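Thanks, everyone. Please have the sequence and the structure open while I talk. I will keep this brisk.

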Amino acid sequence: MFDYIIVGGGSAGSVLAGRLSEDPAVRVALLEAGTSDSSVLIHCPAGLALMAKSGQANWGYQTTPQPGLNGRRGYQPRGRVLGGSSSINAMIYARGHASDYDGWAAAGNPGWSYADVLPYFKRAEHNERGADALHGQGGPLNVMDLRSPNPFLASFIEAGQQAGYRHNTDFNGSEQEGVGAYQVTHKNGERFSAAKAYLTPHLARPNLQVVINALTTRVVMDTEADPPRAVGVEYRGDGGRGPVQTLRLKAGGEVVLSAGAFGSPQLLMLSGVGPVQHLQEHGITPVLDLPGVGAHLHDHVDVVIVVNAPKVKDLLGLTPGGLWKAVLGIFEWRRQRSGMLTTNFAEAGGFIKSSQQEPIPDLQLHFVVGKLLDHGRKSVLGHGYSCHVCLLRPKSRGSVRLASADPQAAPLIDPAFLQEPDDTARLVRGFQVMRRLLQQSAFARHGGTESATSALVQSEPQIEQFVRNHADTIYHPVGTCRMGPGPMDVVDARLRVHGVAGLRVVDASVMPSVVGGNTNAPVVMMAEKAVDMMRADRATAPSLQEQHDDSRTRGHPHRSPQELGV
């Protein structure tokens with residue numbers, strides 16, 4: 001019997017398990033479908049390039065064919081490892097815009113305004129620059145400036161200023177707009193994932209059990225209770241005892257889904273919670289008709305320009321000289337944890353507006369110190385650089401649905417990219433303003449030339465077709481278990497699933513709308529806040545036995561966990 005069973009050892013799950021197990025009286029189990037985070041490719045920041053090519057520690061999902069992308073299937077990498085996507089991402093620490101959170105609160109979610117969530121950002125953070133009104137020190141998550149930034153970043157920042165944007169040294173400060181270098185979740189020249197911050201330092205705690213290679217197949221429900229109650233989980237694993245089998249854990253307090261924007265709605269539906277007709281189509285007995293499960297999927301859609309710059313040897317590139325520098329970089333990183341292998345590749349960027357009429361930035365730039373194609377899965381010869389532009393607040397909404405009742409089958413992922421005309425128009429403008437920045441003299445003096453693939457497109461119709469032929473995710477899917485009070489919402493403001501007792505969702509799937517920035521830091525913040533809510537609820541909640549007795553007095557026969565098969 002565990003007080004809390006957490007499904008998913010990613011960013012949110014790592015925070016929850018680490019924080020909740022601080023109380024020695026609380027027993028916590030964490031189930032992760034992937035492996036441990038022991039690979040050097042995870043801990044060495046530049047290792048993400050090799051992980052992208054190998055697919056290591058990655059679910060490697062694909063979308064359904066996207067009409068807005070001219071019928072292409074998009075690529076959806078998600079971490080399948082302790083730390084989740086924080087173990088395979090580009091490590092950028094960005095919170096989004098303050099108004100994003102005020103919008104969550106205004107949508108019927110009290111306690112989620114920027115003033116409410118800022119203390120949790122600060123509590124999570126150890127910013128090596130120091131603490132102030134907007135930043136914390138002493139928290140588990142280390143945040144720092146790049147130890148060995150690429151010298152070419154100065155050209156990007158100069159070009160941004162020439163294009164009319166201010167140099168912003170802190171995108172998480174009082175003003176988001178501008179261009180500059182990103183802070184990263186590194187420590188001592190290594191990736192500092194949510195697992196390294198919150199989970200792996202505490203694996204020896206006797207009240208914390210972490211099970212890897214454990215694919216959760218369903219949440220076990222007491223359907224005789226009113227309302228239905230989550231009382232455990234089933235998972236596929238070896239339990240440390242040999243062949244793979246179906247195993248069960250009992251939950252005396254809560255089951256918490258932290259499987260992400262794809263995994264959490266999939267697991268709810270496999271457990272009988274979701275759109276009832278869809279469940280019945282797959283032969284799943286409905287427990288609760290909750291039509292919003294899997295709805296409202298949206299993501300930051302992104303397009304990139306690649307520039308060939310053979311004369312700029314500071315840039316990363318597949319050339320004899322570049323490979324020799326990489327070999328030297330390996331020795332430097334092993335000895336000193338410094339040098340070129342500390343790069344996160346997307347070292348700089350910015351938050352800008354697609355037009356001056358926008359009240360806040362609606363576009364984000366990621367400037368990469370190398371030539372990047374197909375999410376880094378394709379090798380590109382020569383030296384150069386890339387710049388991405390993504391749409392921060394898309395209006396298009398898609399869905400996650402079951403492909404089958406088999407828990408091992410990937411879900412059907414439809415982000416509905418560029419379904420709304422406004423999304424397309426903004427991304428076309430974003431391409432234009434990004435190209436204008438890349439044509440400034442700070443870049444021109446290096447003699448770079450835009451890749452022929454994009455250089456041939458000039459008119460707006462041509463740019464639109466280029467966008468439709470090349471755009472894809474920048475890895476921030478959200479919204480499929482949306483927080484709110486409405487009939488299409490899945491969780492309340494305390495992240496409890498509507499209509500089911502003892503079940504919460506804590507991950508990016510609960511975001512009512514995607515934040516204007518990278519999503520990893522917000523997910524860590526949300527999990528920190530969830531811990532406080534869970535502790536408060538536990539302090540006032542009756543015991544499991546009292547809840548069963550109360551269910552019996554309401555006319556529902558008591559069923560023990562043994563009778564339920566857990």
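I will go through salt bridges, helices, a buried strand residue, cysteines and backbone outliers. One caution first: this is a predicted model.

Let's start with charge pairs. Side chains of opposite charge can pair when their charged atoms come close. A search of the whole structure turns up 28 salt bridges. I have picked three.

Take Arg 538 and Asp 3. Their side chains form a salt bridge, 3.3 Å from N to O. Look at where the partners sit. Arg 538 is in helix H15, residues 520-540, and Asp 3 is in strand E1, residues 2-7. The two are 535 residues apart, so this pair links distant parts of the chain. Their surroundings can be compared too. Arg 538 counts as partly exposed, at 36% relative accessibility. Asp 3 counts as buried, at 16%.

Next, Arg 535 and Glu 22. This is another salt bridge, with the closest N and O atoms 3.1 Å apart. Arg 535 belongs to helix H15, while Glu 22 is in the loop between helix H1 and strand E2, so the bridge ties together parts 513 residues apart in sequence. Arg 535 is partly exposed, with 34% relative accessibility. Glu 22 is also partly exposed, at 39%.

Which residues join Arg 535 and Glu 22 in a network of salt bridges? They are Arg 19, Arg 123, Glu 528 and Asp 532.

The third pair is Arg 129 with Asp 145. Here the closest N and O atoms are 2.8 Å apart. Arg 129 lies in the loop between strands E5 and E6, and Asp 145 in the loop between E6 and helix H6, so the parts tied together are 16 residues apart in sequence. Arg 129 is partly exposed at 42% relative accessible area. Asp 145 is partly exposed at 34%.

Now helices. Back to H1 for a moment. How many of the ten residues of H1 are buried? Ten of the ten, so the helix is largely enclosed by the rest of the structure. Among those buried residues are Val 15, Leu 16 and Leu 20. Arg 19 is buried as well, and Arg 19 is one of the residues in the salt-bridge network I just listed.

Move on to H4 and H5. H4 covers residues 98-106 and H5 covers residues 114-124. Their axes come within 8 Å and cross at roughly 120°. Perpendicular would stop at 115 degrees and antiparallel would begin over 145. H4 and H5 are therefore oblique to each other. What makes the contact? From H4 it is Ala 98, Tyr 101 and Asp 102; from H5 it is Tyr 114, Val 117 and Phe 121. By type, that gives five nonpolar residues, no polar ones and one charged.

Next, a residue in a strand. Gln 76 lies in strand E4, residues 72-76. Buried or exposed, this Gln 76? Buried, with a relative accessible area of 1%. Its contacts beyond four places in sequence include Gly 60, Tyr 61 and Thr 63. Others are Phe 262, Asp 299, Ile 413 and Phe 417. Thr 473 and Pro 477 are on the list too.

On to cysteines. A disulfide is a covalent bond between the sulfur atoms of two cysteines. How many disulfides does the count come to? Zero. Cys 387 shows the reasoning. The cut-off is 2.5 Å between sulfurs. The closest cysteine sulfur to that of Cys 387 is in Cys 390, 11 Å away, so a bond is ruled out by distance. Cys 387 is buried, at 1% relative accessible area. Cys 481 is buried too, at 0%.

Last, the backbone. Most residues other than glycine have a negative phi, and most peptide bonds are trans. Here are three places to check against that.

The peptide bond from Asp 226 to Pro 227 is cis, with omega near 5°. Pro 227 sits in the loop between strands E11 and E12.

Asn 188 has a positive phi of about 55°, and it is not a glycine. You will find Asn 188 in the loop between strands E8 and E9. Asn 188 is partly exposed, at 46%.

Asp 374 also has a positive phi, near 50°. Its place is the loop between strands E20 and E21. Asp 374 is partly exposed, at 30%.

That's the tour. Questions, please.

Notes:
Residues numbered from 1 in each chain as written. Predicted model: local features only at pLDDT ≥ 70, side-chain atom pairs only at ≥ 80, totals over all residues. Heavy atoms only, no water. Axes fitted to C-alpha atoms, helices over the stretch in contact; angles between N-to-C directions. Helix = DSSP H or I, 4+ residues; strand = E, 2+ residues; numbered from the N terminus. Parallel < 35°, antiparallel > 145°, perpendicular 65-115°, else oblique. Contact = heavy atoms within 4.5 Å. Nonpolar A, V, L, I, M, F, W, Y, C, P; charged D, E, K, R; others polar. Buried < 20%, exposed > 50% of the residue type's maximum accessible area, 1.4 Å probe, protein only. Salt bridge = Lys/Arg side-chain N within 4 Å of Asp/Glu carboxyl O.
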